[in-house]
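User: I've got a model open on my screen and a few things to ask about it. Can you walk me through them?

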Amino acid sequence: MSQAAQQPVPEAATPGSVARPAGLFRALERGFARAQTGLSALAPDELNPLLHLGAAANTALMISAASGILLLFFYVPAVDQAYESVLGPLAGFLRTLHRYSSDACMLLVLLHLLKTFAAARFAGARWVAWFTGVGLLFTLWLDGWLGYWMLWDEGGAQTAMMSAAMVDALGLFSTPLSRGFAAHSLLNSLLFFVVFFCHIAIPLLLAAGIWLHLLRISKPRLLTNRSLTLVLVASLCAVSLLFPAPARGEADLARVTGEYVLDPWYQAPLVLYGRVGEGLLWLAFAAGALGLVAVPWLFSRRRRAPAKVDSSRCTGCEQCVKDCPFGANSMVAFEGRRVSRIDPGKCLGCGICIGSCSPAAIVLPELPLEVLRRRIDLWFSSPSSDQLAFVCRESAALAHHSVTSEGRHPELPGVRIIEVPCAGLVHPELVQRAQRRGAARVVVAACGADPHYRLGAHWMEERLKGKRDPGHKIHLPAPEKLCTLRLSAFGLLDLKRATAPTPAAIASPRKSRWVMGALLWLALISGCSLAGWVTVTPSSVPPSELVVTFLHSGEILPDSGQSAGNDVAPHMRGARTSMVERAPVEMRVFVDGVEVVNRAYFPSGLAGAGPSAALERIPVEAGQHEIRIEINDTGKPGQWRHHETRRLEFKARERHVARFDTGRGFSWE
Ligand code: HEM
Ligand code: SF4
Ligand code: SF4
């Protein structure tokens with residue numbers, strides 16, 4: 001017996017073994033595989049939602065972009081006209097379609113994320129797709145978030161106010177953005193226009209992001225197949241006509257916010273914000289983003305060793321370059337000819353290129369082709385009643401018992417098994433060899449309808465049908481004794497059926513399954529769209545509210561501007577103005593003679609030379625109240641130079657705003 005034949009086939013690894021903890025990933029992948037198999041029983045693969053998540057997310061994004069472009073013919077990016085401009089029947093339909101397709105996009109992206117996580121498709125060179133995917137998720141969310149701001153209904157105003165408060169918490173601007181939302185007269189049209197501009201510019205970023213996302217994926221399924229595109233467009237249009245998006249009135253800053261409608265797919269942070277505040281929310285954002293970005297490093301256990309090309313054997317046919325699903329092979333010059341070279345940084349060690357290469361110039365350290373050949377020679381040295389099954393190691397089919405070094409599995413008597421990293425590794429020559437040696441039947445089992453190594457299963461099927469090189473050139477002695485199959489979540493059962501003395505016939509898709517598939521999508525889109533209308537009430541709603549705000553500079557402190565004086569060398573003296581320091585501005589507010597605010601507001605800017613800003617929201621009972629505001633900008637105690645008293649009638653939920661501005665004094669709204 002030759003040495004190679006004695007060499008054991010590497011031990012069967014558990015599925016998803018590139019990720020840890022293996023138990024978690026096994027359970028997750030099994031869950032997804034079962035859902036996928038369950039849906040396959042209802043709908044044909046072309047319409048099975050779990051098989052097209054990335055492409056469907058992209059198609060939903062395209063529908064959203066197209067409806068957004070059409071909406072531009074109606075939308076007016078001005079705070080007083082924005083809401084009204086999209087209320088007409090056609091604009092309303094386009095707004096609804098735009099919203100529901102964005103919701104569907106977010107749902108599909110989240111499912112796509114979960115599925116790629118469950119299938120551990122973040123490991124090895126796939127980290128690039130994962131990393132850029134996280135960027136896409138946040139960019140998509142940001143665009144939707146800004147979109148709701150632009151509508152300027154109550155939810156939009158809440159979105160704007162939360163955004164302003166979050167930015168203010170970072171202390172980036174000398175004038176807090178939140179002040180701009182205290183009263184209608186303070187609304188900043190320029191800011192509104194900037195938001196509008198960002199909302200239509202961000203999709204360009206998304207397009208660039210998607211390009212990066214798919215950079216290391218060859219032949220990506222970027223858009224859905226024709227049937228699914230049709231079903232998606234029809235479902236979204238039907239749901240938009242049946243359930244127009246809610247329009248509950250324009251934002252009114254003169255009223256305290258009570259109940260309002262939000263879309264949790266994009267506005268969920270508003271619910272959290274009401275409970276935890278800016279600091280914790282920033283922390284949650286940062287932790288979420290970091291946690292997601294770190295997934296490939298936190299959960300990857302090991303990397304499959306990359307394949308290598310033996311340049312002396314390579315004939316330069318380029319088939320491996322065409323077949324690698326991850327763009328890891330390229331042609332390079334070598335001793336006056338062109339040969340293939342594998343970039344180890346991009347190679348996932350799937351072995352699909354081994355199935356492409358007739359001169360066996362590619363070596364996968366994990367499973368050398370020579371070992372496979374010798375093993376077949378040994379097992380089928382004389383005519384045998386045994387079958388030979390190549391089984392994808394990423395399927396869960398053989399998870400419960402490991403395959404022995406003799407290729408035996410307790411549940412599959414009469415079958416010799418070779419586990420392969422991907423069914424795409426199975427070169428037609430191996431099947432030919434097994435048949436010539438007398439294997440009763442050869443079964444090649446790939447890991448599912450959406451294989452772990454993407455195109456491997458498809459290439460294997462095409463090669464073995466003689467439709468793709470190197471299958472064109474290889475004649476199988478008994479094509480009827482070959483079975484290729486995609487394993488479902490019940491992979492062992494599939495294998496038992498395929499290797500049974502009379503294998504079960506595979507049912508062809510029925511028309512009713514297409515109808516079921518379309519209905520499935522309609523249900524999914526309806527559920528997702530209707531889940532996007534949630535009525536919320538802020539955690540505390542005051543009966544009515546007094547808002548007091550000012551933007552005002554305290555007096556220049558007497559000693560400021562002097563410190564860089566003559567005791568410092570002339571070249572080290574700063575400009576006099578940069579050393580100016582201002583007094584904090586103090587404010588007291590009394591409601592019916594009771595002091596409710598007494599605070600000092602410190603000057604903005606690093607040098608303390610900018611204006612001070614105040615924004616106080618004071619809950620008051622409905623009814624008449626005497627309001628007195630006192631402001632001291634002198635820096636000296638007790639000098640309340642600016643003051644005003646007003647008697648105001650507060651209706652239920654009414655908001656009054658008292659402003660103080662330098663030069664203009666007090667104004668009341
Ligand atoms: C706008 C959002 C997104 C779109 C449009 C999108 C689209 C796609 C598409 C079309 C593919 C190729 C599928 C194929 O042909 O096999 C893909 C692959 C991938 N996506 Fe996304 N994706 C998005 C977001 C995400 C997110 C949020 C993640 C995870 C954080 C992610 C992780 C991945 C990974 C890891 C792959 C590679 C899968 C593989 O190598 O088999 N994607 N995506
Ligand atoms: S398939 Fe083989 S022979 Fe052809 S280019 Fe690739 S390594 Fe060379
Ligand atoms: S093993 Fe071959 S097909 Fe697979 S990623 Fe590496 S180069 Fe590409």
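Analyst: Sure. One term to start with: helices here are DSSP runs of H or I that are at least four residues long, numbered from the N terminus. Keep in mind that this is a predicted model.

User: Which helix holds Leu191?

Analyst: Helix 8 spans 189-213. Leu191 has its place in that run, so counting DSSP runs from the N terminus, the answer is helix 8.

User: And what does Leu191 touch, leaving out residues up to four places away in sequence?

Analyst: Contact means heavy atoms within 4.5 Å. With those sequence neighbours set aside, the partners of Leu191 are Trp149 and Phe181.

User: How far is Leu191 from Asp592, going by C-alpha atoms?

Analyst: Along the chain, Leu191 and Asp592 are 401 residues apart. In space, their C-alpha atoms are separated by 37 Å.

User: On to ligand 1. What is the distance from its nitrogen atom to an N or O atom in the side chain of His112?

Analyst: His112 is among the residues that come nearest to ligand 1. A polar contact needs a pair of N or O atoms within 3.5 Å. For the His112 side chain and a nitrogen atom of ligand 1, the distance is 2.7 Å.

User: Which element gives the largest share of the shell around ligand 1?

Analyst: The elements giving two or more residues are helix 3, helix 5, helix 6 and helix 8. The largest share is six residues, and it comes from helix 6.

User: How many residues of that shell around ligand 1 are nonpolar?

Analyst: There are 22 residues around ligand 1. Six are polar and four are charged, while the nonpolar ones number twelve.

Terms used: Residues are numbered from 1 along each chain as its sequence is written. Chains are lettered from A and ligands numbered from 1 in the order in which they are written. This is a predicted model: local features need pLDDT of at least 70, side-chain atom pairs count only at pLDDT 80 or more; totals for chains, interfaces and linings use all residues. Side-chain values use heavy atoms; hydrogens and water are left out. A residue is near a molecule or strand if one of its heavy atoms lies within 4 Å of it. A polar contact is a pair of N or O atoms within 3.5 Å; within protein, one must be able to donate a hydrogen and the other to accept it, and residues adjacent in sequence count only if both atoms are side-chain atoms. Ala, Val, Leu, Ile, Met, Phe, Trp, Tyr, Cys and Pro count as nonpolar, Asp, Glu, Lys and Arg as charged, and the others, Gly among them, as polar.
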